[in-house]
Amino acid sequence: MRDEPLHSPDPQALLDWYDRHARALPWRIGPAARARGELPDPYRIWLSEIMLQQTTVAAVKDYFLAFTTRWPTVQDLAGAKDADVMAAWAGLGYYARARNLLKCARAVTLDHNGQFPRDHATLLTLPGVGPYTAAAIASIAFDAPETVVDGNVERVMARLFDEHTPLPAAKPILTEHAARLTPQDRPGCYAQGVMDLGATICTPKRPACGLCPWRSACTAWVRGTAADLPKKSPKKRKPTRLGIAYLARRVDGAWLLETRPDKGLLGGMLGWPGSDWTEDQPAEAPPIRAEWKTIDAEARHTFTHFHLRLTVKTALVPMERNPDRGEFIELPEFSPGDLPTVMRKAFDLAQGG
DNA sequence: CAAACGTGGGG
DNA sequence: TCCCCAAGTTT
């Protein structure tokens, strides 16, 4: 057994691989433009990077196209109504990202002369921009030699250097390896290349080591440990919580909805008035006096840290009756697509779906 | 440092 | 059914 790879991974080999295998994505410029030394629009890179946080490329694509069509520049987005942006983000998850997206667009427009900052430290001051995203924008949009460390890079580095310390404790070690490899030449393409390598070749399960440009420099490949890395700390099991959602339809077709508070789960999103979500049977909390009927099925949904079993109750209420909570919204001002997924599941259940 | 924070797809 | 995973940030 050796402690070091046979030779150090060559950044140029990774760049060559990227030039041959780069995926065409809506926020990327084409190979011809890249060859001319052009760089992508920082607004589009920022938007894509926020959307891609803990989210797959497949899930992001349509949202990215919808956002950039409706709000082509950061100034357009800064001028949008909060409710419109939250509705457009509905279904993508991690809704703090959408709230910070607007804060950030407005900060760039008002505090930075409408231009994204180019340096890592200033980028880090923007809402929703952490160490990874600041490095991604600086390197991809401005070709600065910053080191991106996302889940892909962690996995690639853990394997290249056969690092068995479990995450997240291993993060500083893996970051150090990644920083040492980052080249001064074409750091933006290099950053995207490492992440593409992790996404398509150096995958979590069954990595395609036979296709990897860094195979001969990979200690885990030499030792046969690649598929077992990176190690991760054991996860906790998710508890189950119970809740009740109240779907009131007025006789004119309007639905009773409320905008959730900015803090906490589904913050800032539209939703059905309901009970607290608790491990014990929740107390009734009808938002309006009505003859509530319980639907004979639950809406089941899993969040990051708990499972939810949601009982759905429906009622038809007359025009003149006022709710204790929420407000009636008529179609088409309200569309089910504006709801976060768990709320849309409740709606689908009430519709008999 | 641990916990909160969504959702959909794959094995 | 259930667990893992995905271009992380904030508190």
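**Entry 1: terms and model**

I count as a polar contact a pair of N or O atoms within 3.5 Å. I also note at the outset that I am reading a predicted model.

**Entry 2: DNA strand B**

With that cut-off in hand, I looked up threonine 341 and found that a polar backbone atom of this residue is 2.7 Å from a phosphate oxygen of DNA strand B. Tyrosine 95 also reaches a phosphate oxygen of DNA strand B, in this case through a backbone N or O atom at 2.6 Å. For glutamine 54 I found a contact with a base instead, since a backbone N or O atom of glutamine 54 lies 3.0 Å from a base nitrogen of DNA strand B. Two elements, β4 and α14 (341-350), give two or more residues to the surface near DNA strand B, and α14 gives the most, with 3 residues.

I then listed the surroundings of the strand: there are 20 residues around DNA strand B, and Tyr95, Lys236, Leu266, His301 and Thr341 come nearest. Of the atoms of DNA strand B that come within 4 Å of the protein, sugar and phosphate account for 63%. Sorted by class, this surface has 8 nonpolar, 10 polar and 2 charged residues.

**Entry 3: DNA strand C**

Which residues come nearest to DNA strand C? I found 24 residues around it, with Gln54, Gly128, Asp150, Asn152 and Arg155 coming nearest. Sugar or phosphate holds 68% of the atoms of DNA strand C within 4 Å of the protein, and the rest belong to bases.

I noted three polar contacts here. A polar side-chain atom of arginine 155 lies 2.4 Å from a phosphate oxygen of DNA strand C, while glycine 128 has a polar backbone atom 2.7 Å from a phosphate oxygen of that strand. Glutamate 49 turns to a base, with a polar side-chain atom 3.3 Å from a base nitrogen of DNA strand C. The elements giving two or more residues to this surface are α3, α9, α10 and α12, and its classes come to 8 nonpolar, 8 polar and 8 charged residues.

**Entry 4: the largest pocket**

I looked next at the open spaces of the protein, and the largest pocket has a volume of about 1600 Å³. Its lining is made of 44 residues, and Gln54, Thr55, Asp150, Gly151 and Asn152 lie nearest its centre. At least two lining residues come from each of α3 (42-52), α9 (131-142), α10 (151-160) and α12 (187-200). I sorted the lining into 18 nonpolar, 13 polar and 13 charged residues.

**Entry 5: the second largest pocket**

The second largest pocket holds about 630 Å³ of space. Among its 24 lining residues, Asp82, Ala83, Met86, Thr259 and Gly268 are the closest to its centre. The elements that give two or more residues to this lining are α6 (82-89), α7 (96-111), β2 (255-259) and β6 (327-329). The lining divides into 9 nonpolar, 4 polar and 11 charged residues.

Where does this pocket lie? Because domain 1 (11-228) and domain 2 (240-350) both give residues to its lining, the second largest pocket lies between them.

**Entry 6: aromatic pairs**

I counted 15 aromatic pairs. In one of them, the rings of tryptophan 255 and tryptophan 272 have their centres 5.6 Å apart and their planes at 65 degrees; since planes over 60 degrees apart count as edge-to-face, I class this pair as edge-to-face. Tryptophan 255 lies in strand β2 and tryptophan 272 in the loop between β3 (270-271) and β4 (293-302), so the pair ties together parts that are 17 residues apart in sequence.

Notes. Residues numbered from 1 in each chain as written. Chains lettered and ligands numbered in written order. Predicted model: local features only at pLDDT ≥ 70, side-chain atom pairs only at ≥ 80, totals over all residues. Heavy atoms only, no water. 1 Å grid on protein atoms, 1.4 Å probe; cavity = no way out; pocket = protein on both sides within 12 Å on 5 of 7 lines; lining within 4 Å. Points joined across faces, edges and corners; volume = space filled by probe spheres on them. Helix = DSSP H or I, 4+ residues; strand = E, 2+ residues; numbered from the N terminus. Nonpolar A, V, L, I, M, F, W, Y, C, P; charged D, E, K, R; others polar. Domains from an automatic or database assignment. Near = heavy atom within 4 Å. Polar contact = N/O pair within 3.5 Å; in protein donor to acceptor, adjacent residues only side chain to side chain. Phe/Tyr/Trp six-rings, centres within 6.5 Å; stacked < 30°, edge-to-face > 60°.
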